Amino acid sequence: MSTPVAPLVAACRREPVARTPVWFMRQAGRSLPEYKRVREGIPMLQACTTPDLVTEITLQPVRRYGVDGAVLYSDIVLPLKAAGVDLDIVPGTGPVVAKPVRTAADVDALPELHPDQLEPVAQAVRQLVAELDGLGGVPLIGFAGAPFTLASYLVEGGPSKDHAATKTFIHTDPGLWRALAEKLARTSATFLQVQVENGARVVQLFDSWAGALSLADYREHAMPASASVLSAVGALRGADGLPVPRIHFGVGTGELLGAMGEAGADVVGVDYRVSLRDAAARASADGTPRALQGNLDPALLGAPPAVLEAAVDAVLDDAAAAVGSPAAGGHVFNLGHGVPPTTDPDALLRVVERVHERTAR
């Protein structure tokens, strides 16, 4: 007897589903009291490279909410740190790079990432897959930062509101920018490949800051490197012998959805600024049908239960209009960005229960 396909994997492949799957970006951590207890006194990057801790934190939202996917507890800059880049995650600030990358010598000095440098991640993934198999086969979602987003941290030296230094770099020396992006594409691809080879069944490429670019700049200066990453993952096969579905997500990327799909996505993540109906047309404008992920506004998690329920229903109705019908697959329910740290966990539980209740066949 064949093993049933998990709803998340089926929806990503636009196959029929028994219910619309739901998971949340940043579901592992931040808002959970059990997360705060186990992380107390442990720096972020240390936590991300401690397999037992990664396993526990990744499983916490699966146990609490019954989500349809477990997303690996990690950080977007972890592969840079693993390769040897001098950086740290500063509480209240985010990733801070000791020496920003601005010159050809800086780009040349960036170390390449090798799979053996990711053994703690590989071990965590193996442990998680074994645990998730015991929880009904919930798929593990691997993830990595897209080259543009990683580059923006390296060039800016940390988080930025306008990415001015990055844009200046791009337009001042496009050739050097391309060399940087290609090197980071190899880093992201290696990070994802290790996760897939050890059992991740879906991956998401986060281009958190791509929304800072115009469509023309995205196509010329960001899309090629992301396409390289997604192509590398597309060449891999999961435990079922089939390609691992690839989700591509960015914040403020409504004008970029078509290009992000063309880069090699099976699923295009949509933030809360664009309706799923509009997103469906944009994401598949090249004639290739793609599934959608999204797109409840995270701010509404703080609304009264009746307001939140109505907002969930509105997203589900929009999704049904966008993909034909929920039963046809093609929609993964998620937020339009990550879970805010002040979120009441009960609000997330209500969202999961409502999505499952409304879409059960």
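Buried here means under 20% relative accessible area and exposed means over 50%, with partly exposed in between; by that scale Asp286, at 38% relative accessibility, counts as partly exposed. The model on screen is a predicted one, and the tour below starts at Asp286 before moving through the sheet, two of its helices and a network of charged side chains.

**Stop one: Asp286 and Arg290**

With Asp286 selected, add Arg290, whose side chain meets that of Asp286 in a salt bridge with an N to O distance of 2.9 Å. The two partners fall into separate classes of exposure, because Arg290 has a relative accessible area of 10% and is buried, whereas Asp286 is partly exposed at 38%.

**Stop two: the sheet as a whole**

Next, colour the strands and follow the open sheet of seven, which reads S1-S4-S5-S6-S7-S8-S9 in order and is paired in parallel. Its edges are strand S1 (70–71) and strand S9 (331–335), each of which pairs on one side only.

Select strand S7 (residues 267–269) together with strand S8 (residues 291–296): the two run parallel and are joined by three bridges, and within this pairing Val268 is found opposite Leu292 of S8. Then bring in helix H14 (residues 276–283), which lies across S7, S8 and S9 and runs at about 150 degrees to S8.

**Stop three: strand S6**

Move along to S6, which is largely enclosed by the rest of the structure, since five of its five residues are buried. Showing the side chains separates the two faces of the strand: Arg246, His248 and Gly250 point one way, Ile247 and Phe249 point the other way, and all of them are buried.

On either side of S6, select the strands that pair with it. Strand S5 (residues 202–207) pairs with S6 in the parallel sense over five bridges, and the partner of Val203 in S6 is Arg246. S7 also runs parallel to S6, here with two bridges, and Ile247 stands opposite Val267 in S7.

**Stop four: Arg246 and its surroundings**

Stay on Arg246 and add Asp266, because the side chains of these two residues meet in a salt bridge, 3.0 Å from N to O, and the pair ties together parts that are 20 residues apart in sequence, Arg246 lying in strand S6 (residues 246–250) and Asp266 in the loop between helix H13 (257–262) and S7. Arg246 is buried, with a relative accessible area of 15%, while Asp266, at 24%, is partly exposed.

Which residues does Leu230 contact, leaving aside its neighbours within four places in sequence? Select Leu230, in helix H12 (residues 223–234), and the contacts to display are Leu205, Arg246, His248, Ala263, Gly264 and Ala265. Leu230 itself counts as buried, at 1% relative accessibility.

**Stop five: helix H9**

From Leu230, go to Thr166; the two residues are 64 apart along the chain and their C-alpha atoms are separated by 23 Å. Thr166 belongs to helix H9 (residues 164–172), where the buried residues are Thr166, Phe169 and Ile170. These residues lie on the same side of H9, because they cover an arc of only 100 degrees around the axis. To see what covers them, show helix H6 (104–109), helix H8 (147–156), helix H10 (174–197) and helix H11 (215–221), which are included among the covering elements.

**Stop six: a network of charged side chains**

The structure holds 17 salt bridges, and another one to select is that between Arg354 and Asp313, where the closest N and O atoms are 2.8 Å apart. Arg354 lies in helix H16 (residues 345–359) and Asp313 in helix H15 (residues 305–323), so the salt bridge ties together parts that are 41 residues apart in sequence. Both Arg354 and Asp313 are buried. Extend the selection to Glu309, Asp317, Glu357 and Arg358, which are joined with Asp313 and Arg354 into one network by salt bridges that share partners.

**Last stop: the cysteines**

How many disulfides does a search of the whole structure find? The search finds zero. Two cysteines that can be selected here are Cys12, which counts as buried at 2% relative accessibility, and Cys48, which also counts as buried at 2%.

Terms used: Residues numbered from 1 in each chain as written. Predicted model: local features only at pLDDT ≥ 70, side-chain atom pairs only at ≥ 80, totals over all residues. Heavy atoms only, no water. Pairing = 2+ DSSP bridges. Helix = DSSP H or I, 4+ residues; strand = E, 2+ residues; numbered from the N terminus. Contact = heavy atoms within 4.5 Å. Axes fitted to C-alpha atoms, helices over the stretch in contact; angles between N-to-C directions. Buried < 20%, exposed > 50% of the residue type's maximum accessible area, 1.4 Å probe, protein only. Arc of directions from axis to C-beta. Salt bridge = Lys/Arg side-chain N within 4 Å of Asp/Glu carboxyl O. Disulfide = S-S within 2.5 Å.
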